[in-house]
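Trainee: Please take a close look at the aromatic side chains of this structure and follow them outwards into the parts around them. I should like the reasoning behind each assignment to be given wherever there is one.

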Amino acid sequence: MNLDEVELQSDPKYKNYVTAVEKALKGFEYSSEWADLISALGKLNKVLQANSRYNIIPKRLLIGKRLAQCTHPALPSGVHLKALETYDLIFKTIGPKLLCQDMFIYSAGIFPLLGYAAMPVKPVLLNLYEEHYLPLGEHLKPSLTGLLQGILPGLEEGSDQNDR
């Protein structure tokens, strides 16, 4: 918990935000099939969008864990796409500075995805890398190995994505 987050703990609106995130995360616990995961991700997205004025995401470790579970290879591409939508929303909310600090939380779910992602997922994932990770420049060094290990197996010879 960083200093900004400690200061927000006294804000009643932020407390409501934390409660709403916890409630949205409960939806993952009761998921029994992939459609439930898409619904839970949708609810989480609504909460994050409604509170985008806060650049700090509460319960980010648990959110990162749930998002990583939603990128499991056995799940269909619809779940992967919805999870990538959530990642994008989070990255836009926290900005590059906090992404550098929290990269380990979110990267565990998206770095391995490209190797087994369906065709509709690959351009969305590559766009996420281009938009949020590559602009980090020098700050990307601690996770560069993981990023490369995730990207290289997913690139196919003669694919349109390779031109990017």
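Mentor: The structure holds ten aromatic pairs, and the model in which they are found is a predicted one. One of them joins Y17 to Y54: the ring centres are 5.6 Å apart and the planes meet at 15 degrees, so the pair counts as stacked, the limit for that class being under 30 degrees. This pair links distant parts of the chain, since Y17 belongs to helix α2 (residues 12-29) while Y54 sits in the loop between α3 (34-50) and α4 (60-69), 37 residues away in sequence. Are the two partners buried or exposed? Y17 has a relative accessible area of 1% and is therefore buried. Y54, at 8% relative accessibility, counts as buried too. Apart from this pair, one aromatic cluster is formed by Y87, F91, Y106, F111, Y129 and Y133.

Y106 of that cluster leads to I94, which touches Y106 as well as N55, I57 and L99, if residues up to four places away in sequence are not counted. I94 is placed in helix α5, and with a relative accessibility of 6% this residue counts as buried. Between the C-alpha atoms of I94 and S143 there are 18 Å, at a separation of 49 residues along the chain.

The loop that carries Y54 also takes part in a charged contact. K59 pairs with E22 in a salt bridge whose closest N and O atoms lie 3.2 Å apart. Because E22 is in helix α2 and K59 in the loop between α3 and α4, this salt bridge ties together parts that are 37 residues apart in sequence. The aromatic pair described above likewise has one residue in α2 and one in the loop between α3 and α4. The surroundings of the charged partners can be stated in the terms used for the rings. E22 is partly exposed, having a relative accessible area of 35%, and K59 is partly exposed at 38%, whereas Y17 is buried and Y54 is buried. E22 can also be placed relative to V6, a residue of helix α1 (residues 3-8): the two are 16 residues apart in sequence, and their C-alpha atoms are 18 Å apart in space. V6 itself counts as partly exposed, at 45% relative accessibility.

In total, there are seven salt bridges. Among them is the one between E85 and K82, with an N to O distance of 3.4 Å. Both residues lie in helix α5, three residues apart, which is about one turn of the helix. E85 is partly exposed, its relative accessible area being 40%. K141 and E138 form another salt bridge, with closest N and O atoms 3.1 Å apart, and both of these residues are exposed. D88, K92 and E131 are joined in a network of salt bridges.

R66, in helix α4, presents a contrasting case: this residue is buried yet has no salt bridge. Why does E29 not qualify as a partner? E29 is the nearest side chain of opposite charge, but its distance from R66 is 4.3 Å, and a salt bridge requires a nitrogen within 4 Å of a carboxyl oxygen, so the pair is not counted. E29 is nevertheless in contact with R66, as are L25 and F28, when neighbours within four places in sequence are left aside.

Helix α3 precedes the loop that holds Y54 and K59. Its 17 residues should span 24 Å at 1.5 Å a residue, and the end C-alpha atoms are 25 Å apart, which agrees. Its buried residues are L37, A40, L41, G42, L44, N45, V47 and L48. The cover over them includes α2, α4 and α5 (77-110).

Finally, the cysteines may be considered. A search of the whole structure yields zero disulfides. C70 is buried, with a relative accessible area of 1%, while C100 is partly exposed at 27%.

Methods: Residues are numbered from 1 along each chain as its sequence is written. This is a predicted model: local features need pLDDT of at least 70, side-chain atom pairs count only at pLDDT 80 or more; totals for chains, interfaces and linings use all residues. Side-chain values use heavy atoms; hydrogens and water are left out. Helices (H or I, at least four residues) and strands (E, at least two) are DSSP runs, numbered from the N terminus. Buried means under 20% relative accessible area, exposed over 50%, partly exposed in between (1.4 Å probe, protein chains only). Rings of Phe, Tyr and Trp (its six-membered ring) pair if their centres lie within 6.5 Å; planes under 30 degrees apart count as stacked, over 60 as edge-to-face and the rest as tilted. Lys and Arg count as positive and Asp and Glu as negative; His and the chain ends are not counted. Contact means heavy atoms within 4.5 Å. A disulfide is a pair of cysteine sulfur atoms within 2.5 Å. The expected span of a helix is 1.5 Å times one less than its number of residues.
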